[in-house]
Amino acid sequence: MNLHEYQGKQILNSFGVEIQRGLVAQTAEEAVEAAKKLTEETGTGWHVIKAQVHAGGRGKGGGVKLAKSLDEVKEIAGDIIGMNLITPQTSAEGKKVHQVLIAEDVYYPGDSEPEEYYMSVLLNRANGKNMIMYSTEGGMDIETVAEETPHLIFTEEIDPAADLLPFQARRIAFNLGLSGTAFKGMVKFVNALYTAYIKSDASLFEINPVLKTSDARVIAVDAKVTLDDNALYRHKDYAEMRDIREENPVEVEAKAVGLNYVDLDGNVGCMVNGAGLAMATMDLIKQAGGEPANFLDVGGTADAERVETAFNLILKDPNVKAILVNIFGGIVRCDRVAQGIVDAYKNMGNIEVPIIVRLQGTNADIAKELIDNSGLDVQSAIEFQEAADKVQAVLA
Ligand code: GDP
Ligand code: MN
């Protein structure tokens, strides 16, 4: 589950990572009230206004702006709230902004030397160890740094048995070129960041930029946080941070009924049981000259109701030109699945795209007969290649 910046910062702060003081606003008026409150607390009259959407690169898209007065807060917040923010990380349509974060400007006006660093904590899947990735080149996107100046990216791997050791945090501060108060501040920052990552069961914490102010404070200015869904049961308060407005609506609907659905860009919808078979089926679709429109694993029970729900989800995608059902009847019998497909098809009554059904396993031949005799516009197959040929034919 991805979080908004302001939510990620709340978590960071609860583990002792320093952040800018900020408040969330849904309207321009709320933004002005928030700015007044912040000025009372911090004394600064300058505020940064930041679109809260699940996408990075907001600054480039005009979603991060500085306001030097309350009038500017009102104007900028009014512009950003409700806009479709397009960034290098969103689709061409962009993402609708429902709320903004108003925060104190920690890049002090007149500060000649604010330093920006990059830091993230994530799992290195190649060796199963967490690592801290960091760079002196903060504020730019890390992919560009990796491409152009890879020697400026450092990593620190953490042994799960030993945890983050003091010398490692010091090495990070040293490699970032810090000394004195800023060095100590960075060591504290790294320790708190890593603790937050572990304790919140996160899979990613990306802080870009980490800011060092001229008075040597080390502050998380941005926060991209991904939490492990499988651990959310341990964090009821984090689970409530979910913002389904940011998620794909069809995926949200599928999740609610317990189906594993991932939306993709192609033209052939697929309904499969088992993730491995789903992968193979997507390969099959590509070989047949199509592109998978989705990943959908219906799991062990492929009865009429479930099949109908799955068809409905797939058909919500206007790009779908054909549907391939590829189910292995191991635990579930093929004839039961076939009956489910026939019942669902009749029940829905308005399916306009061709459907190819490949059922293999227990009672596969009975299943094929059932489909062939149904009188419906459904093509059946038993062999993998047969199914591929039929997909190719309907796409041609
Ligand atoms: P992103 O574009 O989505 O990654 O959003 P960030 O939170 O990283 O902000 C983008 C850029 O805006 C940062 O790299 C900073 O240079 C700038 N920025 C962010 N917060 C402040 C702030 O409080 N004051 C000033 N002056 N600039 C800021
Ligand atoms: Mn950023």
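Let's start with the largest pocket, which holds about 1,100 Å³ of space. Keep in mind that this is a predicted model. Which residues come closest to the pocket's centre? They are G56, G57, R58, N208 and D222, out of 44 that line the largest pocket.

Now the elements. Those giving two or more residues to the lining are β2 (47-51), β3 (64-67), β7 (115-124), α4 (142-148), β10 and β12. By class, the lining has 20 nonpolar residues. Another 12 are polar, and 12 are charged.

Two of those central residues, N208 and D222, come back at the metal. The manganese ion, ligand 2, is coordinated by N208 through O and by D222 through OD, at 2.2 Å. Where do N208 and D222 sit in the chain? N208 is in strand β10, residues 202-212. D222 is in the loop between β11 (218-220) and β12 (224-227). They are 14 residues apart, and the pair links distant parts of the chain.

Is N208 buried or exposed? Its relative accessible area is 15%. The cut-off for buried is under 20%, so N208 counts as buried.

Next, a separate piece of the fold. Strand β17 covers residues 355-361, and strand β18 covers residues 378-381. The two run parallel, joined by 4 bridges. For a register point, take I356: opposite this residue, in β18, stands Q379. What do β17 and β18 make with helix α12? Together with the helix, residues 364-372, they make a right-handed β-α-β unit.

To recap on the metal: manganese has N208 and D222 as its coordinating residues, and both are among the residues closest to the centre of the largest pocket.

Notes
Residues numbered from 1 in each chain as written. Chains lettered and ligands numbered in written order. Predicted model: local features only at pLDDT ≥ 70, side-chain atom pairs only at ≥ 80, totals over all residues. Heavy atoms only, no water. Donors = N, O, S within 2.8 Å, 3.2 Å for Na, K, Ca; no water. Buried < 20%, exposed > 50% of the residue type's maximum accessible area, 1.4 Å probe, protein only. Pairing = 2+ DSSP bridges. Right-handed = clockwise from strand over helix to strand, strands pointing away. 1 Å grid on protein atoms, 1.4 Å probe; cavity = no way out; pocket = protein on both sides within 12 Å on 5 of 7 lines; lining within 4 Å. Points joined across faces, edges and corners; volume = space filled by probe spheres on them. Nonpolar A, V, L, I, M, F, W, Y, C, P; charged D, E, K, R; others polar.
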